[in-house]
Amino acid sequence: MTRRIDILSRILQRIVVAPSGCWLWTGPHSGSNGRGHSYPRMCLDGQTVAVHRVVYTHYYGYVPGKKQIDHTCKNRCCVNPDHLEMVTHKENQRRRDRR
Ligand SMILES: [Zn+2]
């Protein structure tokens, strides 16, 4: 348990809370993967992981590999668990298409 709290405190040191309530990541981002997407990243046990996935797992539990974490606030830099929602890839695509 202490390890998980340690990870979360590392994350919280790297965010700023926006007036909208968003937790904006000030640490490194993944480079654009060709589709213009860039997500907050951090290093965990030598692996690069998406910060919003780590936060979501911390607050809500395990995220199956096939599931994706969508931002209800549409801000990809945001890692506020209140703004994160687990969706299927299909649902995520559908939402993106509608935007
Ligand atoms: Zn947000």
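**Exercise 1. State the sign and size of phi at the residue just after α2.**

Solution. Gly-61 follows directly on α2, and its phi is positive, about 105°. Helices (H or I, at least four residues) and strands (E, at least two) are DSSP runs, numbered from the N terminus. This is a predicted model: local features need pLDDT of at least 70, side-chain atom pairs count only at pLDDT 80 or more, and totals for chains, interfaces and linings use all residues. Residues are numbered from 1 along each chain as its sequence is written.

**Exercise 2. Find residues other than glycine with a positive phi, and place them.**

Solution. Start with the background. Most residues other than glycine have a negative phi.

Step 1. Asp-45 has a positive phi, near 50°. Asp-45 lies in the loop between β3 and β4.

Step 2. Lys-74 also has a positive phi, about 65°. The loop between β5 and β6 holds Lys-74.

Step 3. Check burial. A residue is buried if 20 or more other C-beta atoms lie within 10 Å of its own, exposed if 12 or fewer, and partly exposed in between; C-beta atoms are placed from the backbone. Asp-45 has 6 C-beta neighbours inside 10 Å, so Asp-45 is exposed. Lys-74 has 11 such neighbours inside 10 Å, so Lys-74 is exposed.

**Exercise 3. Describe the overall build of the protein chain.**

Solution. Step 1. Count elements. The protein chain has three helices and six strands. Their order from the N terminus is α-β-β-β-β-α-β-β-α.

Step 2. Test compactness. The radius of gyration is 13 Å, close to the 13 Å from the globule rule for 99 residues, so the protein chain is as compact as a globular protein of that length. The radius is taken over C-alpha atoms, and the rule is 2.2 Å times the number of residues to the power 0.38.

Step 3. Add the extents. Along the principal axes, the C-alpha atoms fill a box of roughly 40 × 30 × 25 Å.

Step 4. Add burial and contacts. Of the 99 residues, 18% count as buried. Two residues are in contact if their C-beta atoms, placed from the backbone, lie within 7 Å. Among contacts with a separation of 6 or more, 39% join residues 24 or more positions apart.

**Exercise 4. Characterise the packing of α1 on α2.**

Solution. Step 1. Take the geometry. The axes of α1 (residues 2-12) and α2 (residues 51-60) come within 11 Å and cross at roughly 135°. Axes are lines fitted to C-alpha atoms, for helices over the stretch in contact, and angles run from 0 to 180 degrees between N-to-C directions.

Step 2. Classify the angle. Under 35 degrees is roughly parallel, over 145 roughly antiparallel, 65 to 115 roughly perpendicular, and the rest oblique. The two helices are therefore oblique to each other.

Step 3. List the contact residues. α1 supplies Arg-4, Ile-7, Leu-8 and Ile-11, while α2 supplies Val-51, Val-54, Val-55 and His-58.

**Exercise 5. Which residues of α2 are buried, and what do they pack against?**

Solution. Step 1. Val-51, His-52, Val-54, Val-55 and Tyr-56 are buried in α2.

Step 2. The buried residues of α2 pack against α1, β2 (23-25), β3 (41-44), β4 (47-50), β5 (68-71) and β6 (84-87).

Step 3. Follow one partner. Leu-44 sits in strand β3. Not counting residues up to four places away in sequence, Leu-44 touches Ile-7, Val-49 and Val-54. Leu-44 and Val-54 are 10 residues apart in sequence and 9.6 Å apart in space, C-alpha to C-alpha. Leu-44 is exposed, because 12 other C-beta atoms lie within 10 Å.
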